[in-house]
Amino acid sequence: MIEGSEKSLQGWEPEVGSDLSLEQVIDLAFDYRGNTTVVKTDGTELSGYLFNRNPDVPQPFIQIFDASGAGPFTIPYSEIRTIKFTGRDTAAGNSYAAWRKRREEEKTGGATPSGELPA
Amino acid sequence: MSVPVSQMWAVASYVVKQRLGGRRRYPLVLMLEPLFRCNLACAGCGKIQYPAQILRKHLTVEACLRAVEECGAPIVSIPGGEPLMYPDIGRLVEELTARKKYVYLCTNAILLREKLEAGVFKPSKYLTFSVHMDGLREEHDESVCREGVYDEAAEGIQEALRRGFRVTTNTTLFEGASPLRMREFFDAMMDLGVEGMTLSPGYSYSKAPDQDHFLPTRKTQELFSRMLANPKRRWKFNQSPLFLQFLMGKRDYECTPWGNPTFNMFGWQRPCYLLQEGYAESFQDLIENTRWERYGKKSGNPKCRDCMVHCGFEATAVHETFTSWKGFRDTVVATVTGKP
Ligand code: SF4
Ligand code: SF4
């Protein structure tokens, strides 16, 4: 988890291997505030918002609403090859500090367009 | 304290019933989130950072009512997103008040006037608009990242009061809050005529975009001690005086994470309103299968270390009031003297 920083996982396409376990990738995707794409072991993909994961049950699973909002779809860990961070990170760049900076720039006639909000 | 007697009685009899029934973990306030959409984008808010398809979705009234039934808590708080943007908010509130649930509709009040004029709500002792107000004009507009919101909210409050609704305010305090300015804010809210105020320190969500301006424990205690020292008799707080004493550092409490369970389109949030470690399919699953020992100060969980937020600790205070003579006596004394 990249906490308290402006760094984002957006665009990352992790390879699961000896340095990075599937469980770690799933945890990062669960914490990610954007859509991801689940690549399954059969080669099919599902894009959407991964809102739940449970590693503490006999058959660990994730749950996802797809990109149209349909779902939830449940996928066992055993059917997942990796997860790509394909969607926009909705939390990135929206910090209080960033808003203050934009506001100061507005006040001093800086380049930021007026009325802009952290979307 | 400004909680009406009928509400206090409902909560007291509920707590006693749970105790007599031998129920160890029972909820007091259901945090019901019918949607995540909001017409503001406050920097401290982790509730609105979702992709578009999630922000477009909302729960049905029927799903909300099932959750209320399952959970059984006497109070239902409807935070957000912004509940006034929920298309069925009028029907939801009507159904809940008909079930004699005390509803706290937590709103930024931007749409309040419009909804009242459209006749969406009827005044009831069971319905309270809990308006988000983080301080005086300058501080509030800063906190919600938009100018003019304080004035809109104040107008909404006045309109609701004029129409006979119960109105309280809810205030989250962040790093840099000035005790003096907050005391002026309490006066301003009392001048507006609100029934009571609720206060809570902010919590640094692990998923929230901003981690810099939240308050750690010592600073929280200092701020609340200074802010609430020699309180004016006219200040009314719509919350447990024992919880305020806890915020001032006069009491040491452990968290009751199941006290304010949260339900939204993802399910029952584990373990609490603040942390999102997964979702349970049913309330029973939440209560029975959450590893509660992993949470609270004693657990050593770093996410819980500095937490003093109302949704974890107010239930502990209320529990003490209604299950111990000392807690009851201390609550009565604080209520009568007006001194937390
Ligand atoms: S008004 Fe409330 S829900 Fe909306 S962005 Fe602000 S804190 Fe979040
Ligand atoms: S102390 Fe309680 S309310 Fe606070 S984060 Fe931990 S479990 Fe949640």
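In the predicted model, helix H13 of chain B spans residues 325-337 and includes Val332(B). This valine is partly exposed, its relative accessible area being 38%, and it belongs to a nonpolar surface patch that it forms with Trp325(B), Phe328(B) and Val336(B). Together, the four residues of the patch present about 470 Å² of accessible area. Val332(B) can be counted in such a patch because its relative accessible area of 38% lies over the 30% required of patch members.

Chain A contains an open sheet of five strands, arranged in the order S4-S3-S2-S1-S5 and paired in the antiparallel sense. The edges of this sheet are taken by strand S4 (73-76) and strand S5 (80-84) of chain A, each of which has a single partner strand, so that one side of each remains without a neighbour in the sheet. From one strand to the next, the twist averages 45 degrees. The pairing of S4(A) with strand S3 of chain A (residues 61-66) is antiparallel and extends over four bridges; within it, Ile62(A) has Ile75(A) of S4(A) as its bridge partner.

Helix H1 of chain A (residues 22-31) packs on this sheet, where it touches strand S1 (36-40), strand S2 (45-54), S3 and S5 of chain A, and the direction of the helix makes about 40 degrees with that of S5(A). The buried residues of H1(A) are Leu22(A), Val25(A), Ile26(A), Leu28(A), Ala29(A) and Phe30(A). The packing of these buried residues involves S1, S2, S3 and S5 of chain A and, in addition, strand S9 (276-280) of chain B.

How values were computed:
Residues numbered from 1 in each chain as written. Chains lettered and ligands numbered in written order. Predicted model: local features only at pLDDT ≥ 70, side-chain atom pairs only at ≥ 80, totals over all residues. Heavy atoms only, no water. Patch = residues over 30% accessible without salt bridge, like charges linked within 9 Å, V, L, I, M, F, W, Y side chains within 5 Å. Areas by Shrake-Rupley, 256 points an atom, 1.4 Å probe, with all protein chains shown as cover. Salt bridge = Lys/Arg side-chain N within 4 Å of Asp/Glu carboxyl O. Helix = DSSP H or I, 4+ residues; strand = E, 2+ residues; numbered from the N terminus. Buried < 20%, exposed > 50% of the residue type's maximum accessible area, 1.4 Å probe, protein only. Pairing = 2+ DSSP bridges. Axes fitted to C-alpha atoms, helices over the stretch in contact; angles between N-to-C directions. Contact = heavy atoms within 4.5 Å.
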